[in-house]
Amino acid sequence: MAANLFPVLKLATKVTIAGGALYVTYDSGLLGGSEQGSEVLGKAKAAIPPAVDEWVKYFGFKLPAFPKIGFSPIEAWNSGVQSSISALSSGPTALGGYTNQGLQYLKDLTK
Amino acid sequence: MSEKELGKKLDRCLADSAVKLGAGLGLGIVFSVVFFKRHTWPVAFGLGMGLGMAYTNCQNDLRAPYLIQRNIKEQ
């Protein structure tokens, strides 16, 4: 009787675990629309520092403080895009100027 | 759609993609461990489903202004 029941119990436990995981993701709005998804991400980002603090207290050692990075990738990317586009837009004019200068120099040499 | 609005929509798309990929990965790992004897394909399947859901959400979000809505009169 017990031998017959064990595989059924195992299957039932597995289905409960997997089904529970699926239900939790559905309930927390992870599978919904864009707004819900970004909301959940915001909540998760806000909830990480307290969780990390709790873990550190539980384990009793101090994690090295997260170094403050004074470098913003967004700013770097934006400034990079702007400088490359402005270089591209002023490129032909600058190139023409340099060519003229070079030709002038050569003319001066042959005078 | 103004540029500011477009920027916000793209930000939402990115955040949503991250969430859906993470959820797909997590569920894929759970299913792989519980049902499929730790094979890799359920993880890939979960990631793919997450990516697909994120893509569809983005698509609907970006197409929303161009939908023609029908006015259903209350009877």
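These exercises on a predicted model each come with a worked solution.

The model is predicted, so local features need pLDDT of at least 70 and side-chain atom pairs count only at pLDDT 80 or more, while totals for chains, interfaces and linings use all residues. Residues are numbered from 1 along each chain as its sequence is written, chains are lettered from A and ligands numbered from 1 in the order in which they are written, and side-chain values use heavy atoms, with hydrogens and water left out.

**Exercise 1. Describe the secondary structure and burial of chain A.**

Step 1. Helices (H or I, at least four residues) and strands (E, at least two) are DSSP runs, numbered from the N terminus.
Step 2. Chain A has three helices and zero strands. Along the sequence the pattern reads α-α-α.
Step 3. Buried means under 20% relative accessible area, exposed over 50%, and partly exposed in between (1.4 Å probe, protein chains only). Of the 111 residues in chain A, 7% are buried.

**Exercise 2. How many salt bridges does the whole structure hold, and is K111(A) in one of them buried or exposed?**

Step 1. A salt bridge is a side-chain nitrogen of Lys or Arg within 4 Å of a carboxyl oxygen of Asp or Glu.
Step 2. Over all chains, the search finds four salt bridges.
Step 3. One of them joins K111(A) to D108(A), with the closest N and O atoms 3.4 Å apart.
Step 4. K111(A) is exposed because its relative accessibility is 79%. D108(A), at 41%, is partly exposed.

**Exercise 3. Place the salt bridges of D16(B) and D61(B) in the helices of chain B.**

Step 1. D16(B) and K20(B) form a salt bridge of 2.9 Å, N to O. Both residues lie in helix α1 of chain B, four residues apart, which is about one turn of the helix.
Step 2. D16(B) has a relative accessible area of 0% and so is buried. K20(B) is buried too, at 1%.
Step 3. A separate network of salt bridges with shared partners joins E35(A), R12(B) and D61(B).
Step 4. Within chain B, the side chains of D61(B) and R12(B) meet at 3.1 Å, N to O. This pair links distant parts of the chain, 49 residues apart: D61(B) is in helix α2 (residues 41–63) and R12(B) in helix α1 (residues 3–34).
Step 5. With 14% relative accessibility, D61(B) counts as buried.

**Exercise 4. Describe how α1(B) and α2(B) cross.**

Step 1. Axes are lines fitted to C-alpha atoms, for helices over the stretch in contact, and angles run from 0 to 180 degrees between N-to-C directions. The two axes of α1(B) and α2(B) come within 7 Å and cross at roughly 160 degrees.
Step 2. Angles under 35 degrees count as roughly parallel, over 145 as roughly antiparallel, 65 to 115 as roughly perpendicular and the rest as oblique. Therefore α1(B) and α2(B) are roughly antiparallel.

**Exercise 5. Which loop holds K37(B) and R38(B), and what is the sign of phi at K37(B)?**

Step 1. K37(B) sits in the loop between α1 and α2 of chain B, and R38(B) is in the loop between α1 and α2 of chain B as well.
Step 2. Most residues other than glycine have a negative phi.
Step 3. K37(B), not a glycine, has a positive phi of about 55 degrees. For R38(B), also a residue other than glycine, phi is positive and near 60 degrees.
Step 4. K37(B) is exposed, at 72% relative accessibility. R38(B) is exposed with 67%.
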